[in-house]
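This report considers the salt bridges of a single structure. Please consult the sequence and the 3D view while reading.

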Amino acid sequence: MDQSDCGNTGSAEAARFAELHYDDVFRYCYRHIGSREDAQDLTQETFLRFVRSGSRYTERGKPLAYLYTIARNLCADRHRMQKPGTVELDERIADPHVESEGFELAEMISRLPETDKEIIALKYDQGLSIIEIAALLGLSRFAVSRKLAKALAALKRWIEDAEQNRE
């Protein structure tokens, strides 16, 4: 099913959309909350709100960006209620296919500023476009592009340094 088919559609399409994106939204919530149980609750609430908003949703791009906006707002609400500490990224949740090759990519990403970490996750873990990320974070697409380029350059530098230190 194409993501654009989910705007004002029936429950069967919404169920397929949820099946396609449940794991991605769960990883997103888990990365922000740090608790599997809370992430499951927030993921379910995200899809519930997404389905309930079907009649109010106006197609302005991919419904996936709208879905992540709901998840982001729910995570922010949970943070305001709990005031949690820093959450460490579980590499197996972030991307089970990435091998560390002797350096800790998750640790390097954790050294980036919060907005840069969010942009990296939304782009490479969640597969959102620059325009979708900009809309989600309330930034211009140029600001997102600049932040992404700067973050990737920093990561590249840190990876090269780690490789040189192993030699």
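The text below describes the salt bridges and the surroundings of the residues that form them.

The model is predicted. When the whole structure is searched, eight salt bridges are found. Three residue pairs are set out in the following table.

| Acidic residue | Basic residue | N to O distance |
|---|---|---|
| Asp-38 | Arg-78 | 3.3 Å |
| Glu-107 | Arg-111 | 3.5 Å |
| Glu-114 | Lys-117 | 2.6 Å |

The salt bridge between Asp-38 and Arg-78 has its N and O atoms 3.3 Å apart. This pair joins distant parts of the chain, for Asp-38 belongs to helix H2 (residues 36-52) and Arg-78 to helix H3 (residues 63-82), with the two positions 40 residues apart in numbering. Both Asp-38 and Arg-78 are buried.

The pair of Glu-114 and Lys-117 is found within one helix, H6 (residues 114-125), where the two residues are three apart, about one turn of the helix. Glu-114 has a relative accessibility of 59%. Because exposed means over 50% relative accessible area, Glu-114 counts as exposed.

For the salt bridge of Glu-107 with Arg-111, the relative accessible area is 39% at Glu-107 and 42% at Arg-111. Glu-107 is therefore partly exposed, and Arg-111 is likewise partly exposed, since this class lies between under 20% and over 50%.

Finally, salt bridges can also be joined into a group. Asp-24, Arg-27, Arg-31 and Asp-125 are linked in such a network.

How values were computed
Residues numbered from 1 in each chain as written. Predicted model: local features only at pLDDT ≥ 70, side-chain atom pairs only at ≥ 80, totals over all residues. Heavy atoms only, no water. Salt bridge = Lys/Arg side-chain N within 4 Å of Asp/Glu carboxyl O. Helix = DSSP H or I, 4+ residues; strand = E, 2+ residues; numbered from the N terminus. Buried < 20%, exposed > 50% of the residue type's maximum accessible area, 1.4 Å probe, protein only.
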